[in-house]
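Me: Could you take a close look at one helix in this model for me, and walk me through its surroundings?

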Amino acid sequence: MTETEKMNKKHLEDVERIKNFRLLDDDFMTQCFSGDTAGIELVLRIILEKPDLKVVDVRTQVFVGNLLNRSVRLDVVATDSQNTTYDIEIQREAKGAGKKRARYNSSMLDAKLLQKSEDFDKLPESYVIFITETDVMGKGKPLYHIGRYIFDTAERFDDGSHILYVNGAYRAENEIGRLMEDFACTSPDNMHYAVLAERVRYFKESKEGVAVMCEAMEKMWNDAVNEGIKHGLKEGRKEEANAVAKRMIAAGLLSDEAIAEYSGLTLKEVKQLRTEQSA
């Protein structure tokens, strides 16, 4: 097979994968919401039950650096007309939406919002919102609101910091149920909310949108190669190889064969990891 034939084959494979993407796939979600104030506005209005909420800025894949400790990359960061800031994270695995992860994201978001020498009272209200594929809290609720309160008086300690978990498995004939159904949907024709359907349709069916997604997949492919080289995965560092392969599987952009090639694992090992993550 010539190089041209290989490239054409890979492009066709990428196009087929794009057809199966959902808003619950974080790389696809960040592409769909990049610069899309209308889509994020709809999502936040439904989740927070604030029909008048107005989003004025949306950024995706926001890197928040920490020179001394761990940095984070936030999926979607939005700001509304009241200067409230939102970090919206997609997590297909319960492990990625742990309580300590939510706490750390909240602290890093706050650190980014307050300028040097600025008064602490200027710190805006903030929300960290995890949209998870499964009901990580296991209580069957569509939403879980987490906040601080005073133990001794059972009163709220309203410091303006909020954490929400959205149950992506929730289904009902209401706004949040239809929204979560849309997040799990692969076809824009079957989606309830037109503003989301049209954005998904653009990246799945238009020539320009598909090209953007293919470019994003190529970048992930190259990042996987670089990460594999960086960690020396070909030399048998199994724990790191498993970690990298799990991230690739969760992203949903590469085939098992490609993951095996760039992680240094066998195809059987990759399939086993996929089975474990789906359990």
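Reply: Happy to; here is a tour of helix H2, from its own residues out to the sheet and the helix it packs against. Please keep in mind that this is a predicted model.

Let's start with the helix itself. H2 covers residues 26-33, and its buried residues are Phe28, Met29, Thr30, Cys32 and Phe33. For Cys32 the relative accessibility is 1%, which is under the 20% cut-off, so this residue counts as buried. If you are wondering about cysteine pairing, the structure has zero disulfides. Elsewhere in the chain, Cys214 has a relative accessible area of 11% and is buried because that value, too, lies under 20%. Just after H2 comes Gly35, whose phi is positive, at about 70 degrees.

Now to the sheet. It is open and has six strands, in the order S1-S2-S3-S4-S8-S5, and the pairing is mixed. S1 (55-64) and S5 (143-146) are the edge strands; each has a single partner, so one side of each has no neighbour in the sheet. From one strand to the next, the twist averages 20 degrees. Further in, S3 (residues 85-91) and S4 (residues 126-132) run parallel and are joined by seven bridges. Ile90 is a good place to look, with Ile131 as its bridge partner in S4.

Where does H2 sit on this sheet? The helix packs on it by touching S1, S2 (72-80) and S3, and the direction of H2 makes about 30 degrees with that of S2. Helix H5 (residues 175-183) packs on the sheet as well, touching S3, S4, S5 and S8 (161-167), with its direction at about 70 degrees to that of S8. S3 is thus touched by H2 and also by H5.

H2 has a helix partner too, namely H6 (residues 194-205): the two pack at an angle of about 110 degrees, and their axes are 10 Å apart. Since the range from 65 to 115 degrees counts as roughly perpendicular, that describes how H2 and H6 lie to each other. On the H2 side, the contact involves Phe28, Gln31, Cys32 and Phe33, while H6 contributes Leu196, Arg199, Val200, Phe203 and Lys204. Sorted by class, this contact has six nonpolar residues, one polar and two charged. Phe28, Cys32 and Phe33 are worth picking out in your viewer: they are among the buried residues of H2, and they also take part in the contact with H6.

Note on methods: Residues numbered from 1 in each chain as written. Predicted model: local features only at pLDDT ≥ 70, side-chain atom pairs only at ≥ 80, totals over all residues. Heavy atoms only, no water. Pairing = 2+ DSSP bridges. Helix = DSSP H or I, 4+ residues; strand = E, 2+ residues; numbered from the N terminus. Axes fitted to C-alpha atoms, helices over the stretch in contact; angles between N-to-C directions. Contact = heavy atoms within 4.5 Å. Disulfide = S-S within 2.5 Å. Buried < 20%, exposed > 50% of the residue type's maximum accessible area, 1.4 Å probe, protein only. Parallel < 35°, antiparallel > 145°, perpendicular 65-115°, else oblique. Nonpolar A, V, L, I, M, F, W, Y, C, P; charged D, E, K, R; others polar.
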